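Trainee: I'd like a close look at a single part of this protein. Pick it apart for me, then show me how it sits in the rest.

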Amino acid sequence: MLLKGPPLKPVVAVAVRTLVDFVLRSGDLELSFKGTQRALEGLRAHQKVQNARPAGYTPELPVGHTLETERIVLEISGRIDGVFEDGQATVVDEIKSTRRELDALRETPNTLHWGQAKLYAWMYAAGNGLAQIDVQLTYYHLETGRTLEIRQHFDFEALDTFAQAVVAEFVAWAEGLDEWRRRRDQSIRALAFPFGAYRTGQRRMAVTVYRAIQEGQRAMIQAPTGIGKTLGAVFPAVKAMGAGLTSRAFYLTARTTGQRAAEKALGLLRDAGLAFKSLTLTAKDKLCPHPESACTPDECPRARGHYDRRKKARLAAFEEMALDRPTLTRLAGDHAVCPFEFSLDMALWTDLVIADYNYAFDPRVYLRRFFDEEGNDFTFLIDEAHNLVDRSREMFSAVLHKQAFLDLRRELRAENPVLYRALGRINAWLATARRDCLDGGGAVASPEGPEELLPRLMHFVARAERWLLQNIATDWREDLIQLYFDVSAFLRVAEQYDRAYATCYEGDARELAVKLFCIDPARQLAEALTRCRAAVFFSATLTPFDYFNTLFGGDEHTRCLRLASPFPRDNLCLMIDGRLSTYFRDREQTATAVVAAIADLVRQRPGNYLVFFPSYAYLQMVQARFENQHPDLPAVVQTAQMGEPDRDAFLAHFREDNPAPLVGFVVMGGIFGEGIDLSGDRLAGAVIVGVGLPGIGLERDLIRDYFETHRNAGFDFAYRLPGFNRVLQAVGRVIRTSRDRGAVLLLDQRYGHRRYRDLFPPEWRPVRLGSRRSVAAAVQAFETAGHHRDH
């Protein structure tokens, strides 16, 4: 639904399908298996029926109807599948494809199908002055090709009575929505920035965001810690919405910490008088109150009768300003509806949606209810945008594992010989590919796609879909569904395969992984960004702009803004010890020196410290020696499988009143490398061991080779630039407010090389350690300067 037009009487445009679903849908939430080709099958069924009609049949006829109330103008539009004359009767034909038994459809009429057909007939009759009209539902059975035609005759008065009742319910909602938006826009016009003044750089950021939305452009903003980047993005987007420049904003982020920051910023604006509705989308598995049940009315009490309770739930939710996770969970519980489906429904009626990147960019799960319509004027606010590079590579890639096919084949051997044979053909190809992979050393890549595998996968998908549509309960059904979707995703990616892809094979004695790896996500990100009118990428680390703009599919028209840190330079003591090598080959040899450097800083300036490493293996090597040589210095260690509770427990150790220094050993680019806020005395400093390079591997080498060929910058794109952005994020953990003072020690000889020095932010004033300048001397000078400044 779209509201447009002058503010005194807005035009509300709604499609017939949306109108019918909003008013007439009732009953159970049915998430039964439909297959990935369902939409295409439906289109082909429509075409078959239309092509079989006699001469005089008019297919795909657009219709519309306009109603004016005291408050709004309602524009209803749609497309009739077909209109024809049958003797003296005019017939409106609505075509539906199905796999249900046709006789059952005659016995239990579908309210939504008839509602849609009757509204089409009402609009056609009104537009053509017809007193009577026939309405026909034509069902096409996808398996048998048989059709069922059910026809009813209506006087216009009967259709008009029906239509007016449907429209009246929707108009009541639309007028309430209009009243809300008038209130919202009035509050936006009166809204002042919630603080007495902007922070340094924050106003420039806000202006850049507003102009990008105003002009329908892209913007990239590097906003260091302390700028207030979340509010600097949200505030101008809200103002732009009040000016009619965008109808909805999506605040997209990679982490729950980013979602919380957006919720907090909106809370500040509401405290300042803003009336504004937001919704935070949470993954289904985190919301579901019955994870042990299938999403069917037989097993899940929330699915049973979900749509019967949706209207009251929707009205209750519309009274809320912030539909965050706790609020949605509470409302869904109060009204016994599925919380995830409820959140998707309510997203349609909110002003700003806070969500993971996936909901805008991932071809498997992006929000089609928003983005499949053309002409959207949405705004994307993309937080911590440096994360989008690797995330998008994964979104546009797909992987299959040999063992999954073999395990399922064993499960269904006796029960389904057709699928057993289809899986066998795939497994045979994968077994040969595994032998070739092992002959090549266990990890090989090819610029060519696995063309011989694809027909076997297509055959499996067709056979699996045919069986799954029968909805037969078996012990291996869920495993088959999972493999079906994995293979379908693989085939979709194969359709996109071009020179920006490679096929990776990694195997051992039992397993083989075949991955269609997206090396360069630029083309597909550019396509995804057509779903919005304006996109703003912002982060504390977008260095250099050209690197990120290239990978985001941008061009020379992208606005770029680099803001300086708002904090006094003298608050950070940045030391570089370039005497140590952290190259992989030298790590054992220099580990003792790394331990000594960490302990030296911690003892010279006691407090809580984070020590960042490029890998877990390196972390564990140094941490073991550190605890052996310095048992009096308490340490906590990040592990590979930490969830949110473990993360929170780890951070809880970093208290301002710790009686002794604390050393936290963590990995760069991980959950403690960004998105944490240890202000004040909770963090005294950090040690960054190495230059943050991603681990050497098959995929990274493919990125290197690709960008060496296309940009003459292979090592930069694969290793140096991603690594240094991790370093910048790690350093950014230390100074979180204007009152914070902290020390950072960079350990690696490469920090002395020009290609790294050129990436240093302008606010860095590094102190180089050596025989004439020790950590003790640097820290003493830093503390003395701070003491003099304070007095």
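Which residues of H23 are exposed on the other side of the helix?

Mentor: Ala 617 and Asn 628 are the ones exposed there. Before we dig in, the ground rules: this is a predicted model, where local features need pLDDT of at least 70 and side-chain atom pairs count only at pLDDT 80 or more, while totals for chains, interfaces and linings use all residues. Residues are numbered from 1 along each chain as its sequence is written, and side-chain values use heavy atoms, with hydrogens and water left out.

Now H23 itself. Helices (H or I, at least four residues) and strands (E, at least two) are DSSP runs, numbered from the N terminus. H23 covers residues 616-629, so to speak 14 residues' worth of helix, and reaches 20 Å from its first C-alpha to its last, close to the expected 20 Å. That expectation is 1.5 Å times one less than the number of residues.

The buried set in H23 is Tyr 618, Leu 619, Val 622, Gln 623 and Phe 626. These five sit on the same side of H23, because they cover an arc of only 120° around the axis. The arc is that of the directions from the helix axis to the C-beta atoms. Buried means under 20% relative accessible area, exposed over 50%, and partly exposed in between (1.4 Å probe, protein chains only).

What do the buried residues of H23 pack against? Their partners are helix H22 (587-604) plus four strands: E21 (608-613), E22 (635-637), E23 (662-667) and E24 (685-689). Contact here means heavy atoms within 4.5 Å. At the start of H23, Ser 615 puts a side-chain oxygen within 3.2 Å of the backbone nitrogen of Tyr 618. A polar contact is a pair of N or O atoms within 3.5 Å; within protein, one must be able to donate a hydrogen and the other to accept it, and residues adjacent in sequence count only if both atoms are side-chain atoms.

Helix H24 (residues 644-652) makes a handy companion, with Arg 647, Phe 650 and Leu 651 buried. Down the axis of H24, its buried residues fall within an arc of 95°, so they line one face of the helix. They pack against E21, E22 and E23, and also against helix H8 (256-271).

Further along, Arg 700 belongs to helix H25 (residues 698-711). Arg 700 is buried, at a relative accessible area of 12%, and its side chain reaches the backbone oxygen of Ala 718 at 2.7 Å. Leaving aside neighbours within four places in sequence, its contacts include Asp 390, Arg 393, Phe 717 and Tyr 719.

Elsewhere, 8 strands form an open sheet with parallel pairing, in the order E11-E10-E12-E9-E13-E18-E8-E19. E11 (322-323) and E19 (559-562) stand at the edges with a single partner strand each, so one side of each has no neighbour in the sheet. Strands pair if DSSP finds at least two bridges between them. E9 (residues 249-253) and E13 (residues 379-383) pair over 4 bridges, with Ala 249 opposite Thr 379.

Zooming out, the protein has 28 helices and 26 strands. Of its 791 residues, 54% count as buried.
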